[in-house]
Structure formats: structure tokens, C-alpha cells
Amino acid sequence: MRSRAAILHDVGGPWSVEEFELDPPRAGEVLVEMAAAGLCHSDDHILKGDMSVSNEIARQYGLTPMFPMIGGHEGSGRVVEIGEGVAEFAVGDHVVMSFVAVCGRCRWCASGLEYLCDEGAGTMVPGMPTDQTFRHHTADGRPLGHLSKVGAFAEHTVVSVHSLVKVDPHLPLVTSALLSCAVPTGYGSAANRANVRGGDTVVVIGAGGIGTAAIQGARINGAAQIVAVDPVEFKQKAALQFGATHSVSTVAEALDLVRDLTSGVMADSVIAAPSLIAGEDVDAYLKLTRKGGTCVLTGMTAQTTRSAKIALQDFILWNKNLVGTVFGSCNPRSDIGRLATLYQSGLLQLDEMITRRYRLDDINTAYEDLLEGEIIRGVIDFALD
């Protein structure tokens, strides 16, 4: 069949909305008609080369070229066709994508660490995880990758069943798209990785989609004081609506504020979710963190960033924890449903996170808005004319 998608042809972009050819699903695969796709900074990092390399450089070093590639790793839709042997999904099911595939069989899945699944670790390798061949092709027949084995910036896409989670058909599909990446990553950073508890003081750096979800995770899990840090005034104000008790524009301001709020003890946990983490930023994040506290690095860093400079003696002697996380250390098959229940109960605000909806054809404008700090979360709504 023929469909349309936003495609990157190489590092630097822009997104090109064009037709492509899509094969039917094979064994273990599902064809999904997309309802919505979230606009995440990670896709822009692919465009800019923070998380990718150009085809020319890839060939120089003997790597498999990533481009051309359909973007998008956060999305929701409806199942319209199933491949051979698929029993867990049926035509008409509402589904949310998981950019971390979950095989259910590897050591990590068997240990309850689905977010570290071996199959999910190959998310940036082109081709289908089922047999390493391609279902997506350019209009002239060339293989076409799909980001995170999902390719959410397409009207239709074929994905492995390991990259899908079925959700309640009563959930609004456009809103459900946020359960695919932003919300579990942010919420889980607070609830799972920082282990926020009642009465805690929490600092969240970056109040975009993931940071806003982290603020909500801290609030729902009982934090007494939540300080949001973002240079954009609009996001500072929005953070207060999602549960932040204070908001400031810089980490330096947060240091003074948290020192006053805690009588010098500092924050129980710090969740760093800016659009990009620089190595030189980490020491300041740790200064915000109390003795024995936890600093969670949730935001992405450029692949050229290989080290972080910290006050090592203080870090050791004050027993601090510096941890990373992927997908908020959530298990997609269980936690997406739990987050949906929090939304249905009114505790988790999802609709309010969607600042603006865009047509697929307006994706470059949408990313301009994201980079200008004008939106918390934007979504491509495929129902828009």
C-alpha cells in the first residue's frame, strides 16, 4: 500500500513529507493506522546529528546508514491488519507504541527490567526486529528505516508486536500518544529512579514534556516541595499548574532557593530533563542534591559527550547517587496501563500537556515551535485536514 510520512533523508533535515510504499505485516507484525504522534526532542537530536551520523560518515566507518528514515517514536493508533501468528492483537484494537521493544524472553525481561530488553537496545538499527528486512520503502523502492522500529510520523506503519501495548478503547487516542514516551520517561524518573516519597523536596530541570511528567510523578508520589527549572517563562508558569510549588529560570537560582527551602540540606532528588545535558552541567545538578540523595539524568546528551566533570570527593563522601534512566525505568506492558489509570482517575494531567496539535504537513513548523519554547508537548494529529 501507499501512505505518507515525515522522512529524514540525512542529518540536517528538514523533514520531508512524502509518499512511501508499505508492505503488509509478516509474522509477528502489525499494521497500524496512526492517530497521533508526539513531538519529542529526540527526533530533533536525530536531525541535528546529536544521536545520529550522516550516511557519508557511516560509510566511512563501515556502519549501516540510518537514512532515509521515517521519524517519530511516540504515537498511538488502531490496528488495521495483523500478520501470521499474532494472537495478542486484533483488528480494531487501540494501541500505544513503545520505543523500547520488549521481547519478554531475554535476561532483562525475565528479571522485570523490560526497559533494558536486548531487542529494545537495537532501536536505532534499520530494518524490522523480526527478520532485519524492510517493510517501508521510498517511492522509488529504496529501503526506508523507521525510527525506534516505530516510525510514528507516518499515516500507517508496520511494527513488531513487541513494540505495541494495547490500551482501553475508551481512552482518547491523541492523548494516549503521550503514554508512549514523554509520560513514562518523566513520571518513571521520579517514581522509579528517584524513588520520590511523601514529604520529599524534588528539583526538576527542564519543564518540557518529560519534565512536566516528572513534576507530576513527584506530586502524585507525595513530594512536598517541587522546584521546576526552565529558562522559558511560559514553561515556568505552566509547571505550577502541573504540581510544581516553585519555579525559577536557572540552576543557580534553584541552588539558592533549595538551600533556603531545606535549611541547607538540599533536595532529596534532582531530575535533569533538559533538551540536552552537557558534561559540565552535572556537577551543578549534584550540588542541588543532598547527602545520600539521588540525581537522575533523564535528558539526552550528544554522542560526542564522553565525560562529566564532578567534585568527586564530595560525591563519594556524601554518599550521593548519580544514575541514568531509559524510559523512566518503566516496564511498558505494565506501566503504560497504570499511567492510563492515573489519567482516568484525574491524578495525571495529559490533555493539559498538549499545547498544540499540528497537521503532518506542518511538522517543520511544529519543531520550530518546540525549539522556540512555545509548547509543552505538541502532537501530530492525523485527523486534522
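Strand β1 (residues 2-8) is joined to strand β4 (residues 69-70) by two bridges, and the two strands run antiparallel. The model is a predicted one. This briefing covers the sheet that holds these strands, helix α5, a cavity and a pocket.

**Sheet**

- Leucine 8 has methionine 69 of β4 as its bridge partner.
- β1 and β4 belong to an open sheet of five strands, ordered β7-β2-β1-β4-β8.
- The pairing in this sheet is mixed.
- At the edges lie β7 (136-138) and β8 (145-146), each of which pairs on one side only.

**Helix α5**

- Helix α5 takes in residues 182-193, 12 residues in all.
- At 1.5 Å a residue the helix should span 16 Å, and the 15 Å between its end C-alpha atoms agrees with this.
- Of the 12 residues of α5, 10 are buried, so the helix is largely enclosed by the rest of the structure.
- In this count, a residue is buried if its relative accessible area is under 20%.
- The buried residues are Ala182, Val183, Pro184, Thr185, Gly186, Tyr187, Gly188, Ser189, Ala190 and Ala191.
- The elements that cover them include two helices, α6 (209-220) and α11 (332-344).
- Strands β14 (267-272), β15 (289-297) and β18 (377-381) are also among the covering elements.
- Just after α5, asparagine 195 has a positive phi of about 55°.

**Cavity**

- The model has one cavity of 30 Å³ or more.
- The volume of the largest cavity is about 60 Å³.
- Its lining consists of Met66, Met69, Thr123, Met124, Val125, Pro126, Gly145, His146, Leu147 and Ser148.
- Methionine 69, the bridge partner of leucine 8, is thus one of the residues that line the largest cavity.
- Gly145 and His146 also line the largest cavity, and residues 145-146 make up the edge strand β8.
- By class, six of the lining residues are nonpolar and four are polar, with no charged residues.

**Second largest pocket**

- The second largest pocket has a volume of about 200 Å³.
- It is lined by 13 residues, of which Leu286, Lys287, Thr289, Trp318 and Lys320 are the closest to its centre.
- At least two lining residues come from each of α9 (282-287), β15 and α10 (312-317).
- β15 is also one of the elements that cover the buried residues of α5.
- The lining of this pocket divides into six nonpolar, one polar and six charged residues.

Technical notes: Residues numbered from 1 in each chain as written. Predicted model: local features only at pLDDT ≥ 70, side-chain atom pairs only at ≥ 80, totals over all residues. Heavy atoms only, no water. Pairing = 2+ DSSP bridges. Helix = DSSP H or I, 4+ residues; strand = E, 2+ residues; numbered from the N terminus. Expected span 1.5 Å × (residues − 1). Buried < 20%, exposed > 50% of the residue type's maximum accessible area, 1.4 Å probe, protein only. Contact = heavy atoms within 4.5 Å. 1 Å grid on protein atoms, 1.4 Å probe; cavity = no way out; pocket = protein on both sides within 12 Å on 5 of 7 lines; lining within 4 Å. Points joined across faces, edges and corners; volume = space filled by probe spheres on them. Nonpolar A, V, L, I, M, F, W, Y, C, P; charged D, E, K, R; others polar.
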